[in-house]
Amino acid sequence: MEQVFVIGDVHGEYDMFRSILKNFQPDEQQLILIGDLNDRGPKSKDCWLLGMELVKKYQAIYLRGNHEQYFLEFMNSPEDWFPSYLYNGGKETIESLLHKGATDEYSPTEIAMMIRSRYKDMLNFLAERPFYYEWGNYVFVHAGVDLTKDWKETSLQDFLWIREPFHEGKNNTGKTIVFGHTITPMLYGDMQTTALWQSDGKIGVDGGAVFGGTLHGVVFDKNGIVHDYEIPNTDGPWQPDF
């Protein structure tokens with residue numbers, strides 16, 4: 001493929017996800033999902049099912065985000081992870097997989113058992129998601145890489161979670177690193193600029209869609225950015241109900 005089409009953190013914003021995909025050209029572009037399809041937004045299940053379909057139909061690269069990891073950790077140790085997972089947007093994911101009110105109705109272990117029995121294929125699929133994707137001089141990753149060592153030796157934790165040491169560190173990798181995870185309004189430091197963030201061979205593509213920002217779909221070729229599609233959130237930001 002001559003181009004890649006990269007989609008930022010979706011976080012259950014299914015309608016925005018569908019809208020941005022209208023710009024994807026499967027014959028010419030490799031699709032890359034930067035991770036965090038779930039949590040906070042209302043339709044995690046639909047986003048995951050669509051993610052699975054895109055991988056199957058177009059061999060899309062769906063990278064693991066910290067929120068996919070969060071969900072898998074919860075599924076493995078429901079009692080330990082339940083409070084923090086719920087607080088970080090897991091309540092909406094659990095309700096989209098089961099039903100509204102499920103988190104009050106059942107114990108964490110019961111919730112995990114029900115999800116496991118209903119969504120076996122989805123759980124296997126999520127457990128197989130890769131941590132990064134290399135394409136020419138680009139590296140696509142959810143959170144970033146450890147710039148103090150050979151980037152491929154980055155810990156799995158850092159691929160999913162790293163922030164300031166990556167944003168502020170010197171990029172000597174020879175690669176352009178495209179990442180999500182940290183919303184661009186935070187990277188700009190003004191809490192309002194949703195544009196792509198670019199600095200020192202790093203490009204942040206998470207416009208904070210679920211927080212009332214925007215969802216990016218960015219087309220790259222070997223030389224750089226060809227086009228940036230940016231869709232605003234018209235439903236308003238996530239408002240946790242606890």
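Which residue in S9 is the bridge partner of Val6? Select Val6 and look across to Val218, its bridge partner in S9.

Before going further, a word on what is on screen. This is a predicted model, where local features need pLDDT of at least 70 and side-chain atom pairs count only at pLDDT 80 or more, while totals for chains, interfaces and linings use all residues. Residues are numbered from 1 along each chain as its sequence is written, and side-chain values use heavy atoms, with hydrogens and water left out. Helix and strand labels are DSSP runs numbered from the N terminus (helices: H or I, at least four residues; strands: E, at least two).

**Stop 1: the five-stranded sheet**

Stay with that pair and widen the selection to strand S1 (residues 3–7) and strand S9 (residues 214–221), which run antiparallel and are joined by four bridges. Pairing here takes at least two DSSP bridges between two strands. In general, strands of a sheet pair through backbone hydrogen bonds, either parallel or antiparallel. Now show the whole open sheet: five strands in the order S3-S2-S1-S9-S10, with mixed pairing. At its edges sit S3 (61–62) and S10 (224–232), each pairing on one side only.

Next, add helix H1 (residues 14–21), which packs on this sheet and touches S1, S2 (29–33), S9 and S10. Its direction makes about 30° with that of S9 (axes are lines fitted to C-alpha atoms, for helices over the stretch in contact, and angles run from 0 to 180 degrees between N-to-C directions).

Color Tyr14, Met16, Phe17, Ile20 and Leu21 of H1: they are buried, meaning under 20% relative accessible area, with exposed being over 50% and partly exposed in between (1.4 Å probe, protein chains only). Look down the axis of H1 and these buried residues fall within an arc of 160°, so they line one face of the helix. That arc is taken from the directions from the helix axis to the C-beta atoms. What do the buried residues of H1 pack against? Switch on S1, S2, helix H2 (44–58), S9 and S10 to see the partners.

**Stop 2: the end of H2, and His67**

Follow the chain out of H2 into the loop that leads to S3, and pick Gln59. Gln59 is not a glycine, yet its phi is positive, about 55°. Is Gln59 buried or exposed? At a relative accessible area of 51%, Gln59 is exposed.

Then jump to His67 in helix H3. His67 is buried, with a relative accessible area of 3%. Leaving out neighbours within four places in sequence, select its contacts: His11, Asp36, Asn38, Asp39, Arg40 and Asn88. Contact means heavy atoms within 4.5 Å.

**Stop 3: helix H6**

Select residues 108–118, which make up H6, and pick out the buried Pro108, Ile111, Ala112, Met114 and Ile115. Down the axis of H6, its buried residues fall within an arc of 165°, so one face of the helix is lined by them. Turn to the face pointing away from that buried side and you'll find the exposed Met113 and Ser117. The cover over the buried residues includes H3 (66–76), H4 (78–97), H5 (102–105) and H7 (120–127).

**Stop 4: a hairpin and its parallel neighbour**

Move on to S4 (residues 132–135), joined to S5 by four antiparallel bridges. Glu134 has Val139 as its bridge partner in S5. Two residues separate the strands of this hairpin, and Gly136 in the turn has a positive phi of about 55°. In S5 (residues 138–141), Tyr138 and Phe140 point one way, Val139 and Val141 the other, and all are buried. S5 also pairs with S6 (residues 176–179), in the parallel sense and over four bridges; try Tyr138 and its partner Thr176 in S6.

**Stop 5: His181 and Thr184**

Past S6, in the loop before H10, select His181. His181 has a positive phi near 75° without being a glycine, and counts as buried at 7% relative accessibility.

Finish on Thr184 in helix H10 (residues 184–188), buried with a relative accessible area of 0%. Its side chain reaches the backbone oxygen of Thr194 at 3.2 Å. For a distance label, try the C-alpha atoms of Thr184 and Gly208: 24 residues apart along the chain, they are separated by 7.0 Å.

Notes
A polar contact is a pair of N or O atoms within 3.5 Å; within protein, one must be able to donate a hydrogen and the other to accept it, and residues adjacent in sequence count only if both atoms are side-chain atoms.
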